[in-house]
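Please read the following note with the model open beside you. The points are meant to be taken in order, with each residue located before moving on.

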Amino acid sequence: MPARPVVKRLPARRGLFAGFKGNVDAITIGLKYLVDPKRITLIYPNEYIKLDPGYRGFIVLEPKKCINCSSCARICPAAAMRMIRRMEEDPKTGKKKMKLWPVINYQRCIFCGYCVDVCPTEALYTVPYHDIVYENMAEMDWGLETFVKPPEYPTAKEGIPVKYIVDEEKGLVKVRAEEGEEE
Amino acid sequence: MSVWVYGEQKSELGLEGTITRKIEEDLYEVFIGPQHPGSGHMRIIIRIDGDIIVEADPDMGYVHRTMEKLAEGREWIKNVPLFERMAIQDACNVTVSYIIALERILDIEPPPRAKYLRTLLCEINRIAAHLYGFGIFGVFIGHSTMYMWSFADREVMVELAERLTGARLTHSYPIPGGARKDIPQDFPQAARKAVRYFRRRLEEYRKIFLDNPVTRKRLEGVGIIPKKIAAELGVVGPVARASGIKYDARLAEPYDAYDEVEFEVPVFEEGDALARAWVKFEEIKQSLRIIEQAVDWLERHPREAPIHDRFWAKSPPLWKKVFEAEGRVKLLPLMANMKLPPGRAMARSETARGEIIYYVESDGKSTPYRVRIVSPSARNAIVFKYIAPGYKVMDLPTIYGSIDYFPPEADR
Ligand code: SF4
Ligand code: SF4
């Protein structure tokens with residue numbers, strides 16, 4: 001078995017100057033970051049994070065692809081997705097028919113992405129943002145009209161898109177989103 | 001007549017440590033929490049004589065959400081996002097053993113790629129959770145630099161997890177038979193950079209926190225749990241390992257890829273708050289090693305869907321197309337109300353705070369008959385009762401922070 005327990009000992013703190021050295025070390029490090037601070041603060045909403053396309057943000061329906069199968073509503077762990085009935089005219093026969101359509105309630109959604117992954121026709125997709133403010137709770141319960149188009153993203157209109165990239169020296173570095181692409 | 005409130009129980013257990021002096025009857029009762037910033041969502045009722053704690057009574061349950069009962073009304077896979085909410089910064093570690101239990105009932109084994117992916121996320125989570133613990137610990141004892149640093153550095157791990165899964169914290173990553181997403185193309189590079197960064201950064205952590213004489217003075221010799229007592233109280237995780245108990249679920253019963261990657265389980269024998277901090281510190285280093293190995297392995301092996309054939313072989317071509325384009329594993333609609341064969345299984349995994357155990361029983365329906373969760377924080381909470389007495393009130397935050405107690409996980 002490759003994993004093995006290893007008994008270690010706490011570093012000893014002996015000698016006359018041990019405490020002195022510890023203090024000097026700690027203060028030196030502190031001073032280093034006082035002079036050259038490492039800041040990753042996001043100046044929101046003047047700046048906003050441009051998330052990767054794989055990010056699980058708001059979910060949007062493409063009604064053309066949807067086959068009204070209810071899988072998404074069945075797998076939803078938060079009961080955010082539900083099916084509504086609609087009378088619709090069949091384009092071929094012209095007869096009226098009852099159809100089921102998914103709608104989503106963003107008061108409940110936990111952005112687990114199960115619905116997107118389970119949809120047999122990829123009729124649902126996620127947009128890479130989630131910071132949208134609503135004036136009241138009722139607005140968060142989307143109807144079918146809202147669900148079929150990506151929600152407006154007001155932050156993107158005003159803010160500067162930034163990205164965090166992993167850096168060897170500084171951990172995370174905030175860069176303008178365009179520069180972040182090459183990383 | 002003086003009241004020897006704690007003495008008797010203490011000698012029964014054979015506990016040593018600072019012996020309190022005899023207490024006159026006028027004890028003060030102090031309620032620490034649940035609003036106290038240093039207590040989290042719990043209350044510790046302590047009785048003090050002067051400045052010495054003579055009795056401590058952890059009063060838990062403020063964030064009890066009846067998770068075990070809720071689980072009985074939800075389909076198997078829907079419990080993953082629920083259980084995640086026990087410890088969101090440790091999401092993969094706390095849910096992976098539930099998934100392993102389900103796999104045991106289903107009698108399937110995930111493919112190696114899925115195992116490595118889960119292990120990778122587990123270790124990313126472990127580092128993030130340890131840093132979270134360090135941050136809280138730091139601010140408990142008044143070291144706000146540590147708080148700021150570790151929360152900023154935790155962001156590196158959160159960023160990696162986000163690239164891997166698409167969510168910052170509640171990843172809902174493992175599914176029965178596999179994992180939900182493969183690594184993106186640029187992930188190995190970013191992960192290696194993060195590992196190199198942390199190696200260097202941890203040295204600075206040591207200088208400013210662990211080896212800082214001010215911190216050491218507050219941690220050394222505080223909250224000593226002797227090995228025998230640790231075994232008797234049944235503590236787990238870093239708390240047990242700081243008392244010299246060589247126990248780790250990854251070691252005792254390797255799951256996922258842990259029997260293939262090489263790492264050490266650091267054990268300290270001192271048993272005090274400082275040793276507990278060092279265990280976590282050393283564990284971060286080992287987690288970095290595992291991340292490196294997992295990323296190497298994933299890069300060396302061909303990209304194929306990290307899910308058991310049972311959920312993949314008969315899937316439509318669209319499934320493969322999506323996997324190739326985005327690395328996303330699509331789920332079969334049967335996942336939603338999959339029926340498990342009747343049976344029972346138990347599985348354990350090592351979370352950042354210790355071992356979590358799931359006992360899952362199925363009676364052939366699409367929902368569990370019973371899910372029993374034993375979470376590490378629930379087992380470690382007993383430390384307050386038996387270890388805190390004898391120390392000063394000032395030492396309580398140190399003890400609290402060093403056992404890294406996490407109420408939502410303990411209360412479930
Ligand atoms: S993301 Fe999860 S919670 Fe939200 S609608 Fe889809 S399945 Fe339901
Ligand atoms: S799973 Fe997809 S196809 Fe089925 S109802 Fe939902 S959106 Fe439509």
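The points below deal with the contact between the chains and then with the surroundings of each ligand.

1. Please keep in mind throughout that this is a predicted model, and that the values given here are computed from it.

2. Chain A and chain B bury about 5600 Å² between them, and 55% of that area is on carbon and sulfur atoms. Chain A gives 54 residues to this contact, while chain B gives 75 residues.

3. The interface of chain A and chain B also holds eight salt bridges, and 26 residue pairs are in polar contact across the interface. A salt bridge to look up in the model joins Asp117(A) to Arg180(B), whose closest N and O atoms are 2.9 Å apart.

4. Around ligand 1 there are 13 residues, of which Cys76(A), Cys109(A), Cys112(A), Gly113(A) and Cys115(A) come nearest. Sorted by character, the shell around ligand 1 has 12 nonpolar residues, one polar residue and no charged residue.

5. Ligand 2 sits in the largest cavity, and of the 14 residues around ligand 2 the nearest are Cys66(A), Cys69(A), Ser70(A), Cys72(A) and Cys119(A). The shell around ligand 2 is made up of 10 nonpolar residues and four polar residues, with no charged residue among them.

Definitions and conventions. Residues are numbered from 1 along each chain as its sequence is written. Chains are lettered from A and ligands numbered from 1 in the order in which they are written. This is a predicted model: local features need pLDDT of at least 70, side-chain atom pairs count only at pLDDT 80 or more; totals for chains, interfaces and linings use all residues. Side-chain values use heavy atoms; hydrogens and water are left out. A residue is near a molecule or strand if one of its heavy atoms lies within 4 Å of it. On a 1 Å grid over the protein atoms alone, a cavity is a set of points where a 1.4 Å probe fits but cannot get out, and a pocket is an open set with protein on both sides within 12 Å along at least five of seven lines; lining residues have an atom within 4 Å of a point. A molecule sits in a cavity or pocket if more than half of its atoms lie within 2 Å of its grid points. Ala, Val, Leu, Ile, Met, Phe, Trp, Tyr, Cys and Pro count as nonpolar, Asp, Glu, Lys and Arg as charged, and the others, Gly among them, as polar. Contact means heavy atoms within 4.5 Å. Buried area is the accessible area (1.4 Å probe) that two parts lose on being put together, summed over both. A salt bridge is a side-chain nitrogen of Lys or Arg within 4 Å of a carboxyl oxygen of Asp or Glu. A polar contact is a pair of N or O atoms within 3.5 Å; within protein, one must be able to donate a hydrogen and the other to accept it, and residues adjacent in sequence count only if both atoms are side-chain atoms.
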